[in-house]
Each structure stands twice: as structure tokens, then as C-alpha cells.
Amino acid sequence: MNAEGLVEVVLPGKVEPEGLEIRHGAVPVAGPGQVVVRMEATGVSFAEQQMRRGRYYDQPPFPFVPGYDLVGTVLTTGPGVDPGLAGTRVAALLKVGGWASHVRVDVADVVPVPDGIGAAEAETVVVNGITAWQMLHRKARIRAGGTVLVHGANGGVGSVLVQLARAAGAKVIGTASPRHHDALREQGVIPVDYRTGDVAARVRELAPGGVDAVFDHVGGRSAVDSWRLLAPGGTLVSYGSASTRDDTGSKQWPVLKLLGRVWLWNALPNGRHAYFFNIWAGRALSRSRFRARLRADLAQVFGALQRGDVTARIAARLPLTEAAEALRLAESGTVAGKVVLNP
């Protein structure tokens, strides 16, 4: 890939996956404090599914290059950056811009990937792993012996969450469609079919005293049910509004409604807590603190991957130029884990 130019996938507007465009150009040049990373793996997150519908609450104006995170090798370094970094495998959380063969990133935003972890494996746990780790350990502060409910236990974030929760010694109840139940049982997770009748009633049977934490990416009605399932002192961590993915109207409204509920719930005197988790929280206030936390948490996740506490779930690998097919596959809900794009 050395001699050729830049290849990137552009989201031109609200389009079906087939409407994504492939653009060619010159490889970017690293500026002061920057590196250019040659992408080895990027992936499809829920964010891109929302972005192509114009539903991600703070997406940039069209057209732009999507791609929430990436793993790759430092190709060139800019002024003020240690030239010895060239050739190092790194990961970066970007929000947008990852669906490209070469990406310019601030050196402060790249995290080294330990030896022995492949690019695609590492990719599965960048945004998903940081999200899962921070929700579990920084928000819910889960302890051994606790019981947690994970919605979408076979999804990108859900599959990492259940593994990290099991590694922390928690009992895990996970909602998923029946075809994923055997795989969940093998991981020591108690599966619940989210499509049959009353999920809440089934969870109450399994945890009569309530659960210590619920991780909910569905939003809307589901978040309300989740709150009611909490034990005294329990924590609800809501991290999305997947139920509104295909809605029309304001993209901010589902989030604002959820934030309103969270505020109200936290005001109730029952010792329960609710959080709306946003991976970018705190970045505007203190970039250095945000970066330090991200680096520490991703190091924890990579450590869990090395120990085998977490297994990389690669749902499929496709070339970057087949991003449309990758997006369709991720949206189909038929695969477990992360759909990864390679150069």
C-alpha cells in the first residue's frame, strides 16, 4: 500500500448504504503534533447506522468520512513527534474519519496496541471496549457477586460488556434473540429472549430482589422498564436510543427526553442512580484528562483481551471499498460481534 494514494469512504447525505461513495486522493501529511496512520482495521459501529440516516445527535454536516475508530500502523510523524513512533501499531477513537486507508491523527489521541494482538482483534474493542469498560467500572462500579442485566448481549458493546462483567465476578442476564442463546450460555450468561412477551417479568423471576445494574442501548420504553428492575442502590446506564434509529423528526429529542428522565430519576430518594453514558463526556472540559482516562481504560481492555477475559468477536471482515455491504450486514442484526473493514 506504500506507493498508492488515499482511499476513503464518503457519506454524501442521508442515503441507503449503497449511496456511500469511494473517493481517491493524496495521502495526508502529518502536521505539528500529528501522525499519519495507515489503517489496518476500522469497523461499523451503531453510530454510522445513525449517521447515514442523519440521526446521530452531533454528527458533522454532510458530506464527511465516517468511521468511529481505527487500528493501524504509524506511517509518518509530524514536527514535534518522536520519529521512532513510525512502524508502531496504534488504536485511535475518532468519532468520524476512520473509513480511510490513511488517517491524520493528533499523536496525543493514539494508544499503542500491545504485541500479540492483531489489528482486527484490537479494532473490535476500541469504541466497544472503552464504552463497556467505562460503563461497567466507572459508572456502575460493579462488584463481584452483583447481578447485571445487559440488553443486546450479542451486540458490539453488549458482547464485550458481558465478558468484562463475568471477568469481574458478576452474574449476568443478557437479552438476545434465541439464535444467540447457546453462545451466551457458554459464556456463563443467562439468556432472555427480548422478543417474547415480558422481558421484565422474566428478569424479575431470575433476580427477585432486582438487579444491581442495567446497561440499556435501546432507550424509550426499555429504559423505563430497566429503571424499574433495579435493586435499591442499583444503577441504570443508558447509552443510546436504538429504538428511535428509524424515526423521523428531531434527532436530539430522544436524547433530551432520556436526559430528562435520568435527571428526574436521580432526584428520587431511593438510592438508585441513572446515567446517560456518552463516551465523549468531559472532553470539552479537559482534553488532557479525557485522553489520560481513555488511554488507561483502553489499556485495561487490551489487557483483558491478552488474558483471554475478552474474546474478540469479529462478525465479518470486508475490504474498505465494500463499506456499503458491511453497513448492511451490521444493520441486519444477524451477526454477532463487530463487522470489521480492512484496507
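This briefing covers an open sheet, two helices that pack on it, and the surroundings of Gln34. The model is predicted. The sheet has six strands in the order β10-β9-β8-β11-β12-β13, with parallel pairing.

**Sheet**
- The edges are formed by β10 and β13 (273–276), each of which pairs on one side only.
- From one strand to the next, the twist averages 15°.
- Five bridges join β11 to β12 (residues 230–238) in the parallel sense.
- Val214 stands opposite Leu236 of β12.

**Helix α3**
- α3 (residues 127–139) packs on the sheet and touches β11, β12 and β13.
- The direction of α3 makes about 150° with that of β12.

**Helix α6**
- α6 lies across β8, β9, β10 and β11, at about 150° to β10.
- Within α6 (residues 199–206), the buried residues are Val199, Ala200, Val203 and Leu206.
- These residues are on the same side of α6 because they cover an arc of only 120° around the axis.
- An α-helix has 3.6 residues a turn, so residues three or four places apart point the same way.
- The cover over the buried residues of α6 includes β8 (147–150), β9 (171–176), β10 (189–193) and β11 (211–216).
- At the N-terminal end, Asp198 caps α6, with a side-chain oxygen 3.2 Å from the backbone nitrogen of Ala200.

**Gln34**
- Gln34 is part of strand β3 (residues 34–44).
- The relative accessible area of Gln34 is 19%, and the cut-off for buried is under 20%, so Gln34 counts as buried.
- Beyond its neighbours within four places in sequence, Gln34 contacts Val29, Thr77, Gly78, Val81, Arg104, Val105, Asp106 and Val107.

Conventions:
Residues numbered from 1 in each chain as written. Predicted model: local features only at pLDDT ≥ 70, side-chain atom pairs only at ≥ 80, totals over all residues. Heavy atoms only, no water. Buried < 20%, exposed > 50% of the residue type's maximum accessible area, 1.4 Å probe, protein only. Helix = DSSP H or I, 4+ residues; strand = E, 2+ residues; numbered from the N terminus. Arc of directions from axis to C-beta. Contact = heavy atoms within 4.5 Å. Polar contact = N/O pair within 3.5 Å; in protein donor to acceptor, adjacent residues only side chain to side chain. Pairing = 2+ DSSP bridges. Axes fitted to C-alpha atoms, helices over the stretch in contact; angles between N-to-C directions.
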